[in-house]
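Colleague: Thanks for making time for this. Could you walk me through the fold before I go back to the bench?

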Amino acid sequence: MLNKLRLKTNSGPNVNGVSPVIGFSTSELIAQESFMKTLHLEQKRTERSRRRFVLMLLASRSLLMARGKRGPFEKVLCALSHSTRETDAKGWYRDGSVVGVIFTEIAPAEGRSVANALLTKISAALSDTLSSEEIKQISLSCHIFPEDWHEQGPGSAAASTPYPDLLRDSDPKRLAMLVKTCMDIVGSLFALALFSPLLIAIAAAIKLTSKGPILFRQQRVGQYGHKFTFLKFRSMYTANNPAIHEEYVKRLIAGTAGSAQPPGQQQSVYKLTDDPRITSVGRFLRRTSLDELPQFLNVLMGEMSLVGPRPPIPYEVDCYDIWHKRRLLAVKPGITGLWQVKGRSRTKFDEMVRLDLQYGQSWSLWLDVKILLQTPRAMLMGDGAY
């Protein structure tokens, strides 16, 4: 498999742990900012070409900071030189602590096998140049884009996936994001206090009109693929079959929802319009979006924001195209957003994703304020809500 990558090997002796041949110098490592931009471009290219790439991360703050003519850092560079191609981008994923290498142009079916082969080859190269004690100080991992980004959340430097850290570190609006977080906390506390009588009334109506819990809990996918428990007022009968919605969502994302209707009457709305699982009280709550009020608790817990993309259900993400997944990256999911104030469920799925991407690219505090001001009107009108 690695033959297809045409991995470069260097000429010259390779003395075990003593006198490595330096394949490339420290100065050839791309600076962190430039490396992250290269990574971002590769992600964009993959979304168009569908040819995967593998990001290899080598983390060891103690070894990578210990630079010298024949020190551990130079030995690591030597091992990488023996295991990579000249065309592979090599640079700082984390300045001074994590080196990254991007292996590009990998066919979809070969991603995992290439990643495993790379780990084996680079581990062997490191073993040839480093002592056993130095090997213990290294964490080595390979991540396939786009498969890996939503399967594991960002953790340690070497275990984090390509998407999360790229966007987190390259975001020039960190101060504004901090203000957004403060707005979320203050706004959700204010909303819970303001609507407390309404919350009690809705809870009583749900409890008196149908059996089951007041709150509906469901696993949703948040920013960077983190899963969390999503809260809503229960609007459906208990013990209902979710398969009807799962099948509908699959057809919706594929662009076939509503295709069975007569020409000129087809709909491709984001929600089922005549869902038999919904209670009479639930139908009113959904049309007015009052079923969303408990999500202010999700905002307080830091899982959501007041404004952002809607958090999808895991089986929805499983049907996503590569470019669809970008809607979960720039910001946290929100209670309201561009989709909610510009058509809601009347909007086709791809159009909804484009609105979310537009929000992520043009996000500002003022945009959040404008969306929040438009949300009450969208709730009262109930246009596109089901």
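Here are our questions and answers on this structure, which is a predicted model.

Colleague: Let's begin with the overall make-up. How many helices and strands does the protein have?

Modeller: Happy to start there, and burial makes a good backdrop. Of the 386 residues, 51% count as buried. As for the elements, the protein has 15 helices and 8 strands.

Colleague: What share of the contacts between residues at least 6 apart in sequence join residues at least 24 apart?

Modeller: A contact here means heavy atoms within 4.5 Å. Taking the contacts between residues at least 6 apart, the share that joins residues at least 24 apart is 74%.

Colleague: And the outside? What percentage of the exposed area comes from carbon and sulfur atoms?

Modeller: The protein exposes about 18200 Å². Of that area, carbon and sulfur atoms supply 57%.

Colleague: Now to strand β1, residues 52-59. How many of its residues are buried?

Modeller: Take the two faces in turn. On one side Arg 52, Val 54, Met 56 and Leu 58 are buried, and on the other Phe 53, Leu 55, Leu 57 and Ala 59 are buried too. Both faces of β1 are therefore covered, with under 20% relative accessible area as the cut-off for buried. The count for the strand is 8 of 8.

Colleague: Which residue of β4 is the bridge partner of Phe 53?

Modeller: β1 has antiparallel pairings to report. It is joined by 7 bridges to β3 (residues 98-106), where Leu 57 has Gly 100 as its partner. It is also joined by 7 bridges to β4 (residues 139-145), again antiparallel. In β4, the partner of Phe 53 is Phe 145.

Colleague: Helix α1 next, please. Within what arc do its buried residues fall?

Modeller: The exposed residues on the other side of α1 include Glu 33, Lys 37, Leu 41 and Arg 48. The buried ones are Phe 35, Met 36, Leu 39, Glu 42, Gln 43, Thr 46 and Glu 47. Seen down the axis of α1, these buried residues line one face of the helix, because they fall within an arc of 140°.

Colleague: How far apart are the end C-alpha atoms of α1?

Modeller: α1 covers residues 32-49, so there are 18 residues to reckon with. At 1.5 Å a residue, they should span 26 Å. The model agrees with that, since the end C-alpha atoms are apart by 25 Å.

Colleague: Which helix gives the largest share of the largest nonpolar core?

Modeller: That core has 27 residues, and Ile 202, Phe 233, Leu 285, Leu 293, Phe 296, Tyr 359 and Ile 371 have the most contacts inside it. The largest share, 4 residues, comes from residues 196-209, helix α8.

Colleague: How many residues are in the second, separate core?

Modeller: Among its members are Leu 63, Val 114, Leu 126 and Leu 130. The size of this second core is 26 residues.

Colleague: One last residue: is Arg 112 buried, partly exposed or exposed?

Modeller: Arg 112 sits in helix α4, residues 111-129. Its relative accessible area is 42%. Buried would need under 20% and exposed over 50%, so Arg 112 falls in between and counts as partly exposed.

Technical notes
Residues are numbered from 1 along each chain as its sequence is written. This is a predicted model: local features need pLDDT of at least 70, side-chain atom pairs count only at pLDDT 80 or more; totals for chains, interfaces and linings use all residues. Side-chain values use heavy atoms; hydrogens and water are left out. Helices (H or I, at least four residues) and strands (E, at least two) are DSSP runs, numbered from the N terminus. Buried means under 20% relative accessible area, exposed over 50%, partly exposed in between (1.4 Å probe, protein chains only). Accessible areas come from the Shrake-Rupley method with a 1.4 Å probe; for residues, only the protein chains shown count as cover. Two strands pair if DSSP finds at least two bridges between them. The expected span of a helix is 1.5 Å times one less than its number of residues. The arc is that of the directions from the helix axis to the C-beta atoms. A nonpolar core is a set of buried Ala, Val, Leu, Ile, Met, Phe, Trp, Tyr and Cys residues joined through side-chain atoms within 4.5 Å.
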